[in-house]
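These are my notebook entries on what I looked up, beginning with the nucleic acid and ending with the helix packing.

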Amino acid sequence: MENSADQMVRVRFAPSPTGGLHLGGVRTVLFNYLFAKKYNGQFILRIEDTDQSRFVAGAEQYILDTLAWCGLTPDESPIHGGAYGPYRQSERKPMYKQYASQLIEQGNAYYAFDSSEELDAIRKEIPNFQYNRATRMSMKNSMSLPAAEVARLLSENTPYVVRINMPDAEELVFEDLIRGEVKFDTSMVDDKVLLKNDGMPTYHLAVVVDDFLMKITHAFRGEEWLPSAPVHILVWKNLFGLDQMPKWAHLPLILKPDGNGKLSKRDGDRLGFPVFAMDWTDPNSNETTTGFKERGFLPEAFVNLLAMLGWNDGTDQEIFSLPTLIEKFSLERVHKGGAKFDYEKAKWFNQEWIKQSDNAYLANLVAPYFEAAKIEIHEPSYLVKVIGLVKERCQLLTDFIPQSAFFFTAPTEVDTASILPKWDAPKAAFFTALIDAYAHQAVPNDATNLEAHFKTLATEQGLKPGDLMLPFRIMLVGGKFGPGVFDIVANIETKDAANRIQYCLDLLSKK
RNA sequence: GGCCGGUUCGUCUAUCGGUUAGGACAGCCCCCUUUCACGGGGCAAAGACGGGUUCGAUUCCCGUACCGGCUACCA
């Protein structure tokens, strides 16, 4: 990147605290973070809470928690502090008004006294009504009204908003780091509101003022913001000068897996996969939307899969750790086109991370799920061992429960239907003998010797060991899954194994 | 409607004018495995369309189509 050595890279993520953080949001955070860390810069979290009507309690904490879970910790934020605070826009209110006034004085903005009701009425009447240079003179504002009238309205404390005075037919050009040159004709854009009648800025004013004050050097945001770029460029030009403006990059959107359009929370509900990073409970409806974390994703996998949605390093490598991503990341390799989200591929990333994660690390993450399933773990090292045995058959952390519960408690549901068709008296006799051996004799307790013992016993009884393997497995785990049978016997006590066989024999005799 | 953006296998993508258009997920088949997985091997699957430029276009340019985003005193 062409940032000069004397200018510290500073980027920001600026969400509005209105609910859970979805995939697209976290990916925006990720790209900001990767870019900042790659250039030893700073990553700032700024809360855009300028719309009180949409404020949701707990959402800010949720955002902080999500970033912490992902390992994308901000250098500056409302709670981490920093030299450029406050980091909540609601606490910066006075600053915006000052800049709005400056724009009015310079003729780049004006007071507008039209009420929301009046505007609604007009929009109802004229379908595509735009408040712009073509219509502004017929509206109630400081451009159309005599100065004395404006002064009167102001002195009477008439509610007003401040609108940008879009110049006519001016070409606005900027260089998007991902898309290249993007041009706009100002005559096509309307007079956006900069300051609302409650004195709060809209996003259009707030981003510019805050990015300037916080010395942001690179601004990354979703592609949905591209159309409002001309507004921001104009405010930058009139307030601080274009040479001060951060470099922009508009990130591609994350799309619905089926059909088209931006991925939304509803798609997750509909298609059965998470969209939010972590569980989010709406304080008003008390409804909980599940997140990737609770679904059983590793943060490493979540970050990895997000990075690959719109970026790659040009090789066939797909598994990247956060440090490697920082090293390899480059904006030039971010795509222009949106990507449809594929939950199957997402799970594959998680499986890859489970396979390569340390068993003790996984044990820590999985323990809460066992607790929730009311499976007691007496010996932590035993869990670690079990995880090593079953990890490669788990895509999600939650899979560890069904995949390994039988190591801790005997199955109660047993798939006898899979045993019955080939079940006969000689086999029953064999297992009765096996119970006797396991319960009363000294049987070796390592997998290899257990297998040898099993086969010898079978042969002695004139049976093929292979015909006994499936029934044995089902007796031990309850179904057709799990690691090698003798690895299982070796880990549960032979006495326990004897009990399980007996339990199943009883079931079978009743059929 | 207008403005802006986008377009390679079903999906995520590689390709910096010359390739049998590569990889991964999903699918199918085989091997390994007396379960389920892991692993190994294989099959099938793509340049939206039409014009240029060029000895040569997936790649560069233009147009068309299609998809998306925006068009609030929301971000």
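**Entry 1: which part of the RNA meets the protein.** I began with the atoms of RNA strand B within 4 Å of the protein, and found that 73% of them belong to sugar or phosphate, with the rest belonging to bases. I note here that I am working from a predicted model.

**Entry 2: the protein side of that surface.** I then turned to the residues and found that 62 of them surround RNA strand B, the closest being H335, E392, R393, G466 and G482. Sorting the residues of this surface by character, I obtained 25 charged, 19 polar and 18 nonpolar.

**Entry 3: where these residues sit in the fold.** Which elements each supply at least two residues of the surface near RNA strand B? I listed three helices, α4 (116-125), α12 (343-356) and α18 (465-477), together with the strands β4 (161-164), β6 (180-185) and β13 (339-340). The element that gives the most is α12, which contributes five residues.

**Entry 4: individual polar pairs.** I looked up three side chains next to the RNA. For K355, a polar side-chain atom lies 2.8 Å from a phosphate oxygen of RNA strand B, and for H335, an N or O atom of the side chain is 3.0 Å from a phosphate oxygen of the strand. Q130 reaches another kind of atom, since its polar side-chain atom lies 2.8 Å from a sugar or linking oxygen of RNA strand B.

**Entry 5: α1 against α10.** Leaving the RNA, I looked at how helix α1 (residues 23-38) packs with helix α10 (residues 299-307), and noted an angle of about 85 degrees with the axes 9 Å apart. Angles of 65 to 115 degrees count as roughly perpendicular, so I recorded α1 and α10 as roughly perpendicular to each other. On the α1 side the contact is made by L23, V26, R27, L30 and F31, and on the α10 side by F302, V303, L306 and A307. These residues divide into eight nonpolar, one charged and no polar.

**Entry 6: α3 against α7.** I repeated the lookup for helix α3 (residues 93-105) and helix α7 (residues 229-239), which pack at an angle of about 80 degrees, their axes being 10 Å apart. By that angle criterion, α3 and α7 are therefore also roughly perpendicular to each other. Here Y99, Q102 and L103 of α3 meet V235, N238 and L239 of α7, and I counted four nonpolar and two polar residues in this contact, with no charged ones.

Terms used. Residues numbered from 1 in each chain as written. Chains lettered and ligands numbered in written order. Predicted model: local features only at pLDDT ≥ 70, side-chain atom pairs only at ≥ 80, totals over all residues. Heavy atoms only, no water. Near = heavy atom within 4 Å. Polar contact = N/O pair within 3.5 Å; in protein donor to acceptor, adjacent residues only side chain to side chain. Helix = DSSP H or I, 4+ residues; strand = E, 2+ residues; numbered from the N terminus. Nonpolar A, V, L, I, M, F, W, Y, C, P; charged D, E, K, R; others polar. Axes fitted to C-alpha atoms, helices over the stretch in contact; angles between N-to-C directions. Parallel < 35°, antiparallel > 145°, perpendicular 65-115°, else oblique. Contact = heavy atoms within 4.5 Å.
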